[in-house]
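This report describes selected features of one protein model, moving from the pairing of strands to the packing of helices and then to a single residue and the whole chain.

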Amino acid sequence: MPRRASRLIHNMDLRTMTQSLVTLAEDNIAFFSSQGPGETAQRLSGVFAGVREQALGLEPALGRLLGVAHLFDLDPETPANGYRSLVHTARCCLAHLLHKSRYVASNRCSIFFRTSHNLAELEAYLAALTQLRALVYYAQRLLVTNQPGVLFFEGDEGLTADFLREYVTLHKGCFYGRCLGFQFTPAIRPFLQTISIGLVSFGEHYKRNETGLSVAASSLFTSGRFAIDPELRGAEFERIIQNLDVHFWKAFWNITEMEVLSSLANMASATVRVSRLLSLPPEAFEMPLTANPTLTVTISPPLAHTGPGPVLVRLISYDLREGQDSEELSSLVKSNGQRSLELWPRPQQAPRSRSLIVHFHGGGFVAQTSKSHEPYLKSWAQELGAPIVSIDYSLAPEAPFPRALEECFFAYCWAIKHCTLLGSTGERICLAGDSAGGNLCFTVALRAAAYGVRVPDGIMAAYPATMLQPAASPSRLLSLMDPLLPLSVLSKCVSAYAGAKTEDHSNSDQKALGMMGLVRRDTALLLRDFRLGASSWLNSFLELSGRKSQKMSEPIAGLSAPLLSEPMRRSVSEAALAQPQGPLGTDSLRNLTLRDLSLRGNSETSSDTPEMSLSAETLGPSTPSDVNFLLPPEDAGEEAEAKNELSPMDRGLGVHAAFPEGFHPRRSSQGATQMPLYSSPIVKNPFMSPLLAPDSMLKSLPPVHIVACALDPMLDDSVMLARRLRNLGQPVTLRVVEDLPHGFLTLAALCRETRQAAELCVERIRLVLTPPAGPAPAPPPV
C-alpha cells in the first residue's frame with residue numbers, strides 16, 4: 001500500500017472507513033455478479049459479500065471497545081492497553097481491505113489485472129477479518145466478566161480453562177500466510193516472512209529427528225515451496241505451533257547462538273574492548289544488610305534441583321577499565337568460552353565507571369544466552385559508558401523455577417560485592433532485561449529486598465512477562481496472530497519454567513521425535529521432585545523472615561552472620577525434606593497459594609518486626625486484599641457505567657456462546673492443540689508472577705521504567721504492573737512503542753523503528769544511572 005494512501009486511510013474514523021469499504025464492496029459485488037457464471041467471478045462476488053458482512057458486524061463491536069478503552073490506560077499521556085491494540089489491529093485489516101477494494105474497482109477491467117492474485121489476497125484478508133471479529137467478541141466477554149479496570153480474566157479456574165480451550169480452537173493459519181505481520185511496520189514484514197519460512201523448514205527436519213542445528217539451519221531457507229505458497233506456509237506454521245513441544249522451540253530459537261550467525265550479528269555491532277565469559281564459583285559469601293551494614297547475610301550459591309554449580313556471566317565493556325584485566329578476574333574466565341580482551345597495543349586503562357548494568361536476557365525461560373543479545377549490549381556499553389554483566393542463567397525445562405532466579409540473584413549479589421573487578425565503583429546499579437529477563441529483573445529486586453541486601457537503583461524492563469498464571473486478557477488475544485508469541489508456545493514455555501509435567505499426547509508427530517522423547521524422559525526424572533522443592537521455596541523465605549524478626553528484635557552487639565543467615569544456607573530440597581508432614585508438610589505445600597502464604601506470614605511474623613531488614617516487611621504480614629488490580633473508586637464507577645451500556649445479550653453470553661447469532665468464526669483444522677494450562681499453584685508465586693505480588697512486596701521495588709509494545713500479547717502485563725505501582729505511589733514510567741513486535745531489541749539493527757525503540761531503552765537506563773541532584777552519596781559498603 002503506498003505510504004500516502006496508507007496515511008489517508010488510517011486517518012479515517014472507524015465509521016467512515018467501514019462505510020467506504022461497504023460501498024466499494026457493493027460496487028464490486030454488482031460488477032462481478034454481472035460477469036456471468038464463471039467460478040472466478042462468483043468467488044470474487046462472494047468474497048466482497050463476505051467483506052461487507054464482516055465489516056458491518058465488526059464496526060459496532062469495535063466502537064464499544066473504543067468507548068471504554070481509555071479507562072484501562074495508565075494515564076492520558078499513555079493511551080495503551082489490549083483493547084486499544086485489538087481495535088488498532090482490526091483497523092489495519094480494514095484499511096488493507098479498503099485499499100485492495102479500491103484497487104480492484106479501479107483495475108478490474110484492465111488486461112493487466114491479476115485476477116487470481118487479487119482473489120487470493122482478498123480471501124486471506126477476509127479470513128483474517130473474520131477471526132479478528134471473533135477476538136473482538138472475546139474481548140467483550142472479558143470486559144463484562146472482569147472487575148472494573150482489570151485487564152486480566154478473573155473467572156474461576158474452570159472457566160479460565162474453558163475460555164482458553166475455546167480460544168485456541170480458532171483458525172490461525174490465515175495470519176501466517178499472505179497476512180503475515182500486516183499489523184506491524186512494513187520494514188518488519190520481510191524479516192517475519194524469512195523467519196516463518198525458516199520455521200516451517202526447520203520443523204520438517206525436526207520431525208525427521210534431524211535435530212542438529214548445523215543440519216537444520218543449512219536448509220532453513222532452501223524450501224522454495226513455502227516461499228511461493230503462502231497458504232501452505234500458513235497451514236504448516238499453524239500445525240507447528242499447535243503440535244510441537246517446547247524442545248522444538250528451544251532448538252529453533254537457539255539457532256541465533258550458532259557461531260556463524262552470532263559472528264555476522266556482531267560484525268554490525270559496536271566494537272568493545274572487553275567481552276569475557278566468566279564462571280562464578282558456587283561459593284557462599286557475605287553481604288551487608290542495607291538497614292544495618294554491621295550485620296551481614298550469607299548469599300548461598302544456586303541449589304535448586306541440580307545442587308551447587310557455577311554461574312556463567314558475560315562482562316562487556318566498551319573501554320578497558322581498572323580491574324577488568326586483573327589476575328583475580330582473569331582466573332574466572334571460562335576456558336572454553338569466548339574471550340575478547342584487546343591488550344595489544346595495550347590501551348590505557350579508563351577509570352572505573354560509577355555505574356554498573358546487570359542484564360538478564362529473554363528467551364521464554366527456555367532458550368538463548370547473552371551471546372544472542374550481545375550485539376545490542378555492546379551498543380549499550382558504548383552509549384552508556386558503563387560495564388554490563390549479562391547473566392547466562394540455566395534454562396527450562398531442564399532447570400525449572402526457581403533455578404534461574406537463584407542464579408540471577410547470586411550473580412547480582414556477586415556483581416555488587418566485586419564491582420571493582422568489573423570496572424565499576426557501584427554507585428549506581430541498574431537491572432535491565434527483556435521479556436523473560438524483564439520478569440527476572442523484578443523478581444531479583446524483590447528477592448534482594450526480602451534478603452535485606454542492596455536493592456538496585458532502578459529497573460529497565462522491555463516488554464516483560466509479569467503474569468505467568470493462565471489468564472486471558474485483551475492483549476493476550478493478539479497471540480492468535482503473533483508469529484513470535486503464539487499462545488500455545490507461550491503456555492509451553494511457562495509450563496516448562498513452572499516444572500509442569502508434560503502430558504503424553506500420542507500422535508504421529510510426537511512418535512517421530514524419538515531423540516527428543518529420550519530428552520523428555522530424562523528431564524522428567526530430573527523434575528520429579530519439583531513440587532517438593534519449588535513449592536517450599538517461598539516458604540523458606542517466610543521461615544527466614546520469622547527467624548530474622550525474632551533475632552533482630554533485640555540486636556546483640558557482635559551478632560555473627562552465620563547465626564543470622566543460617567536458614568538461607570539450606571537448599572530448596574533440604575528445606576523441603578526438613579518440613580514435617582502434616583498441615584504445613586509437603587503435601588499441603590503442593591497447593592500453597594499466595595493467600596496461604598499471607599496467612600502463614602501473619603502467624604509466624606512478629607507484629608513489632610524492626611525495620612532492620614526488608615524481608616519480614618516484604619513477605620509478611622499481608623492479606624489477600626494487598627493484591628489489588630482495581631482503579632481508584634472514581635474511575636471504577638465510570639467503568640461500571642460503561643459495562644452497563646452493553647446489551648443484556650452481551651452481558652449474558654457464556655464462554656461458548658460469545659458470538660452473536662449467525663456469526664461463526666473459522667476453526668482450526670490441525671486437530672487438538674497441545675497447550676498445557678500450567679495450573680500449578682507455583683505460577684501464582686510472586687517470585688514467578690510479580691504482578692500477583694502483594695502491595696508490601698511491590699513497595700520494596702526501586703524506580704521502574706517499562707518499555708512495552710502496543711502489538712505485543714504481553715502489553716497488558718506492563719500496563720497492569722505500571723498501574724499497580726502508580727496506585728502505590730511508586731515511581732514508574734511506561735513507554736509504549738507502536739507497530740513493533742515483541743523482541744524488538746534483538747532486531748535493533750533491522751530498521752529505523754527498531755533502532756528508535758532500542759534508543760528509548762537506553763534513555764530509560766540512563767535515567768537510572770544518572771544520580772539524583774545533590775551531593776554525591778558515598779558508595780554503599782560491600
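Two strands are said to pair if DSSP finds at least two bridges between them. The model discussed here is predicted, and in it strand 6 (residues 353–360) pairs with strand 7 in the parallel sense over 4 bridges. Within the pairing of strand 7, phenylalanine 360 stands opposite isoleucine 391. Between strand 6 and strand 7 the chain passes through helix 14 (residues 370–384), and this β-α-β crossover is right-handed.

Strand 7 also pairs with strand 4 (residues 311–317), to which 5 bridges join it in an antiparallel arrangement; here isoleucine 316 has isoleucine 388 of strand 7 as its bridge partner. The two pairings of strand 7 are set out below.

| Partner of strand 7 | Sense | Bridges | Facing residues |
|---|---|---|---|
| Strand 4 (residues 311–317) | antiparallel | 5 bridges | isoleucine 316 and isoleucine 388 |
| Strand 6 (residues 353–360) | parallel | 4 bridges | phenylalanine 360 and isoleucine 391 |

How is strand 7 placed with respect to the rest of the structure? Because 5 of the 5 residues of strand 7 (residues 388–392) are buried, this strand is largely enclosed by the rest of the structure. In a regular strand the side chains alternate between the two faces of the sheet. For strand 7 both faces are covered, with Ile388, Ser390 and Asp392 buried on one side and Val389 and Ile391 buried on the other.

Further along the chain, helix 15 (residues 403–417) and helix 16 (residues 436–451) pack with their axes 10 Å apart and at an angle of about 65 degrees. Angles of 65 to 115 degrees count as roughly perpendicular, and helix 15 and helix 16 are therefore described as roughly perpendicular to each other. Their crossing is right-handed. The contact involves Ala404, Leu405, Glu406, Cys408, Phe409 and Tyr412 from helix 15, which meet Leu440, Thr443, Val444, Arg447, Ala448 and Tyr451 from helix 16.

Alanine 55, a residue of helix 3 (residues 39–68), has a relative accessibility of 1% and so counts as buried. Leaving aside residues up to four places away in sequence, alanine 55 touches Thr18, Leu21, Val22, Leu94 and Leu129. The C-alpha atom of alanine 55 is separated by 10.0 Å from that of arginine 15, although the two residues are 40 residues apart along the chain.

For the protein as a whole, the secondary structure comes to 31 helices and 11 strands, and buried residues make up 61% of the 782 residues. Of the contacts between residues at least 6 apart in sequence, 84% join residues at least 24 apart.

Technical notes:
Residues numbered from 1 in each chain as written. Predicted model: local features only at pLDDT ≥ 70, side-chain atom pairs only at ≥ 80, totals over all residues. Heavy atoms only, no water. Buried < 20%, exposed > 50% of the residue type's maximum accessible area, 1.4 Å probe, protein only. Right-handed = clockwise from strand over helix to strand, strands pointing away. Axes fitted to C-alpha atoms, helices over the stretch in contact; angles between N-to-C directions. Parallel < 35°, antiparallel > 145°, perpendicular 65-115°, else oblique. Left-handed = near helix turned anticlockwise from the far one by under 90°. Contact = heavy atoms within 4.5 Å.
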